[in-house]
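The following exercises practise the reading of contacts in a protein model. Please study the sequence and the structure before attempting each task.

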Amino acid sequence: MFGTREVRVVTSCKCCGAGTLVVQGTVHDSVDGTPLSAMSVYFDGKVVARTQDTGEFKAQVNSKTNRKLTIRVVDRNANYADAVRVNDIPEGFGGPFNVKFRMVKRSKPITFNPTEGIKVDLLDRATVKIEANSVTDSKGKPYTGIVSLQLTNIDVSLPENDDILPGQFLTADGEQLVSDLVFEPVIVGENGEQLTARAEVRVRAGMLLWTLDVTNGGWVEAKVERVNRRRRQIQLTEDYLTNLMSGNWYNIDKIPGAPRCYFKARVQYQNPAEANYPASFQPSVVAFTPNNERLRLYHAPTSDLENTCFEVRCLDFDPSNTTNVLTGLISLTSYETVDVGGATIPVVNKLEPKPLSNYIPPIQAAHSSVAYAVLPTNEQVFINFISADDFSRPFYATKSICEASNPAQPAFHFLKPELPSYIAAPDGTPMCTARILLKDSYMFIDALNNISSLPSITATSVWNSGTGDFYHTDSVTIELSPDGQSAFACITYPCSATTAPSTVYLDIDIPWIDNTNGSTTSTVAHPAFYCWGPCNGTLCPVREQPRTGSTFEGAFEAPALAAGTSGPEWYEGENHNGCDDWNTGDPAAYTFWCRSGYRGKPETSKFVE
């Protein structure tokens, strides 16, 4: 009845240099999804990459000390507002980090005479009034020419805008925020020069004005002066005087007044033996106030759920007014890696909340008291945020009591599926061949010609036949085309069936070099080149999630081939003769874009611009 299964779990990764991290991603228009090229990607105040025609980029950054990765994307043509994203790096993470940017196109400019000023309404939540004679140039001198103003705003009440909002909704010291509106002013003169303006910003009562710190993605309270009000005037709004800085993101926000409370998450493993395997877990929490304000609660990944309690907010509960509570959704994501034929693959799972009926009676009673309900997607649980320290609620008012709670006391339980276990392809599995093109994006062929031997590419194919999960690996040396203008490789994979397609994951063995002396171990050694391409497979990372330990540069799902297919890009069988006879311009089954990793300066050679 019982058997054994072997799953090799990755506990470390050598795909990156010590203290470094490969970041790759895409940049698109937030409305129509158009790929955006020539966008500058910043990390730690420096340009580390520029996007290609496909909107893709890849760079290597220093990640020695910080578990948060803050990346900013800037449009040099100023058509789009700066995009700033903060990503938590799971513990034990070592592979390429994937991030997706959706950039917001700036609003249409309006012009005004600075001697008269201008007033602009932002949705129904704020008003910006630039005072007359308050516009100054970079030297602080009054500017009298015609001024162009763009006020780009993002409606934070729409869930679909969550991934375009800049930064994280936290203060610089970690306090959570309740946002009302985010906007960016761009103020320029007749010759395109950046200007500053003194403005009165009117917001709803209780709200503050914040500016974004692009170095860490947190919000800092803006320097403002309160506008005097007449005594006894009913205060429905707040008026702040501030110097509007062109190109800065501003946030109309407040720190929620509700008391802090805490919850613990526990994981039930489908395979109990996997409880000892390395894994990181990250909750996602969204709460709503009685006024339907949306509170985003950020939490970093942790590998120690047993000793971690996550902070949220709980209103003081009054049984006579049961509507005066925060409500919201909680989910939990796991990050793991497994080994398939020597290749590292990520396993990212949205865990399933335990049904209420499956809890033991004491915990079931605590959850029932706050209307615990698993949503139909089986990924989120709906809950009322009500706390108590007597174990009658799943939220604790005191952090130390939460941390000391045991498995028989209230917590949110999630079910983690068993890690996949892949078996080597059986003898006699039909094989096919695919041609892989490595396209020269920038000095890639020069980089190949400058290394001692051409690198290899490994194709790891996985598929499910209905009787189990299988894999096959094929490693070949990259070749140069006869005309020397391109590089390619012919890889074999198990032929796809209509009901059992093969997904092929591609890993390029990119050597590290030091252009100053040829060393591969010096402190300024860097990848000889970078390659990136689409990753179309079930094991590819989901949007915004890291490939924890993964070394794949791309992946594709192979189509089912007609009998006798012999090119020009797909071949039935393992015969490479037709595939190897290739020249620039011939079609390929899959295309990488590659470029040199060296730009001529040893101190910046680790980065791709």
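Four exercises follow, each with a worked solution.

The model is predicted, so local features need pLDDT of at least 70 and side-chain atom pairs count only at pLDDT 80 or more, while totals for chains, interfaces and linings use all residues. Residues are numbered from 1 along each chain as its sequence is written, and side-chain values use heavy atoms, with hydrogens and water left out.

**Exercise 1. Aromatic pairs**

Classify the pair formed by the rings of Phe-385 and Phe-395, and state where the two residues lie.

Solution.
- Step 1: Rings of Phe, Tyr and Trp (its six-membered ring) pair if their centres lie within 6.5 Å; planes under 30 degrees apart are stacked, over 60 edge-to-face, and the rest tilted. A search of the whole structure gives 17 aromatic pairs.
- Step 2: The ring centres of Phe-385 and Phe-395 are 4.9 Å apart and the planes stand at 25°, so the pair is stacked.
- Step 3: Phe-385 belongs to strand 28 (residues 381-385), whereas Phe-395 lies in the loop between strand 28 and helix 2 (399-404), ten residues away. Helices (H or I, at least four residues) and strands (E, at least two) are DSSP runs numbered from the N terminus.
- Step 4: Buried means under 20% relative accessible area, exposed over 50%, and partly exposed in between (1.4 Å probe, protein chains only). Phe-385 has 1% relative accessibility and therefore counts as buried; Phe-395, at 0%, is buried as well.
- Step 5: For contrast in geometry, Tyr-590 and Phe-592 form an edge-to-face pair, with 4.9 Å between centres and 75° between planes. Both Tyr-590 and Phe-592 are buried.

**Exercise 2. Charges over rings**

Which ring does the charged end of Arg-72 sit over?

Solution.
- Step 1: A charge sits over a ring if NZ of Lys or CZ of Arg is within 6 Å of the ring centre and within 35 degrees of the ring normal.
- Step 2: The charged end of Arg-72 is placed over the ring of Tyr-42, 4.7 Å from its centre.
- Step 3: Lys-354 is likewise placed over the ring of Tyr-359, at 5.1 Å from the centre. Tyr-359 also belongs to a cluster linked by ring pairs, which includes Phe-385 and Phe-395.

**Exercise 3. An open sheet**

Determine the strand order of the open sheet formed by three strands, and name its edge strands.

Solution.
- Step 1: Two strands pair if DSSP finds at least two bridges between them.
- Step 2: The order is 20-29-26, with mixed pairing.
- Step 3: Strand 20 (265-269) and strand 26 (352-353) are the edges, each pairing on one side only.
- Step 4: Strand 20 and strand 29 (residues 412-416) run parallel and are joined by five bridges. Gln-268 has Leu-415 of strand 29 as its bridge partner.

**Exercise 4. Salt bridges**

Are Lys-416 and Glu-274, which meet in a salt bridge, buried or exposed?

Solution.
- Step 1: A salt bridge is a side-chain nitrogen of Lys or Arg within 4 Å of a carboxyl oxygen of Asp or Glu. This rule gives 18 salt bridges.
- Step 2: Lys-416 and Glu-274 meet at 3.3 Å, N to O. Lys-416 lies in strand 29 and Glu-274 in the loop between strand 20 and strand 21 (280-288), so the pair ties together parts 142 residues apart in sequence.
- Step 3: Lys-416 is buried because its relative accessibility is 2%, and Glu-274 is buried at 1%.
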